[in-house]
Amino acid sequence: MRRSTRLGLALLVLLLLLFGAYSAYWRLTAGQLGQGFAAWAQAARAQQVHAAWKKLSVGGYPFSFRVELTDAEFSDGAITPPPRLRAPLLAGSARPWNIREWRLAAADGLSAEIAGMGGHMPVAISARQATGKIAAAGDGGSKLSFDLEDLALAAAAPLTARSARLRIELPARPPRTYSDPDVSFSVSLHQTKLPVTIEPLGATIADLDFAVTIKGPVPQGALPQVAAQWRDAGGTIELDALRFRWGGLQASATGTLAFDHDLQPVGGFSGAVEGYDQIIAALVAQGSLPADKAGLARLALTMLAKAGPDGKPEIATSFTIQNGKMYLGPAPLGKAPHIDWR
């Protein structure tokens, strides 16, 4: 047998052995994935997390692992009433050489429900379709991102958005003190349609982006009791970033939010506002700011304004919520939104 022929046969045998070894690895890992999901769902019940589905299938051979959950539903019993997430078809795929990072897809859309408070109807959120990614960090933390199309929020005041992006980051270890983060998340909304037109700003918020970090361990139980215990122990919500563009109004801010003894929001923020005169006009139109005080508020804000990066008047000032009232710098803006926790 010629030497080249023997070498070719040896390479063929080697390739067949490698292919067989890889196939065995794929089948073993695929089986472990299916069993792992079932084991996770069982173990999660100890944390009051309920996960269920009608069918679980694993495929994707040879170049990926693909897990599909049909009629999947998840809920968190640590919160009363529990929030729920449903998806007719939820799929996750990963490369065999990197199973710490998964691509997610809900091609048939998804929906979530958060119970209302104070006798209000539940808040229902739905999206026509969603794609995302979940990645486990080397230190044990994890990051989740989702891109949502045709987002709709049904509540007392329904909203819609053409698209949205959600990012969630969980630390490697649960918070031990109230300076440690429990969860960080950010939301970006584009073309958010309001149920009513607010003059002179209009009915569509072009862009709205915010990033928030909840600090301190959050206890379990009914939401009002959870909020009270978390507040009493020193929990805060850090607004890491806020930016929005609505009509002629643009603003950016950072700050800290907490709850007072009545579980109403109290906080302080600093940032910049362009088009502040439209805030005055909107508050007067809603009746939140008496017309006879609007001129004084506009004068106070004008004295604080300076030329921004684009040459338009901009206020670098503070926004505060205290004793149920809102203030932009020294100018009162009316009553703050009231949270009914009953």
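Trainee: Which residue of β3 stands opposite G59, and what makes β2 and β3 count as paired strands?

Mentor: In this predicted model, G59 stands opposite R66 in β3. Strand β2 (residues 55-59) and β3 are joined in the antiparallel sense over five bridges, and since two strands pair if there are at least two bridges between them, the two count as paired. The two strands also form a hairpin with five residues between them, and G60 in the turn has a positive phi of about 100 degrees.

Trainee: How do you know that β3 pairs with β1 and with β5?

Mentor: The cut-off is again at least two bridges. Four bridges join strand β1 (residues 49-52) to β3, and these strands run antiparallel, with A51 standing opposite F74. Towards strand β5 (residues 84-95) there are 10 bridges, also antiparallel, and the bridge partner of F65 in β5 is A94.

Trainee: Why is the pair of W40 and F74 called tilted?

Mentor: A pair of aromatic rings is described by the distance of the centres and the angle of the planes. The structure holds four aromatic pairs, and in the one formed by W40 and F74 the ring centres are 6.5 Å apart and the planes stand at 55 degrees. Stacked would need planes under 30 degrees apart and edge-to-face would need over 60, so with 55 degrees the pair is tilted. Because W40 lies in helix α1 (residues 3-44) and F74 in strand β3 (residues 65-76), the pair ties together parts that are 34 residues apart in sequence.

Trainee: What makes W40 partly exposed?

Mentor: W40 has a relative accessibility of 40%, and because buried means under 20% and exposed means over 50%, W40 falls in between and counts as partly exposed.

Trainee: Why is the pair of W230 and F259 called edge-to-face?

Mentor: The rings of W230 and F259 lie 6.2 Å apart, centre to centre, with 70 degrees between the planes. The distance is within 6.5 Å and the angle is over 60 degrees, so the pair is edge-to-face. W230 belongs to helix α2 (residues 223-232) and F259 to strand β15 (residues 249-259), so this pair ties together parts that are 29 residues apart in sequence.

Trainee: How do you know whether W230 and F259 are buried or exposed?

Mentor: The limit for buried is under 20% relative accessible area. W230, with 6%, is buried, and F259, at 16% relative accessibility, counts as buried as well.

How values were computed. Residues numbered from 1 in each chain as written. Predicted model: local features only at pLDDT ≥ 70, side-chain atom pairs only at ≥ 80, totals over all residues. Heavy atoms only, no water. Phe/Tyr/Trp six-rings, centres within 6.5 Å; stacked < 30°, edge-to-face > 60°. Buried < 20%, exposed > 50% of the residue type's maximum accessible area, 1.4 Å probe, protein only.
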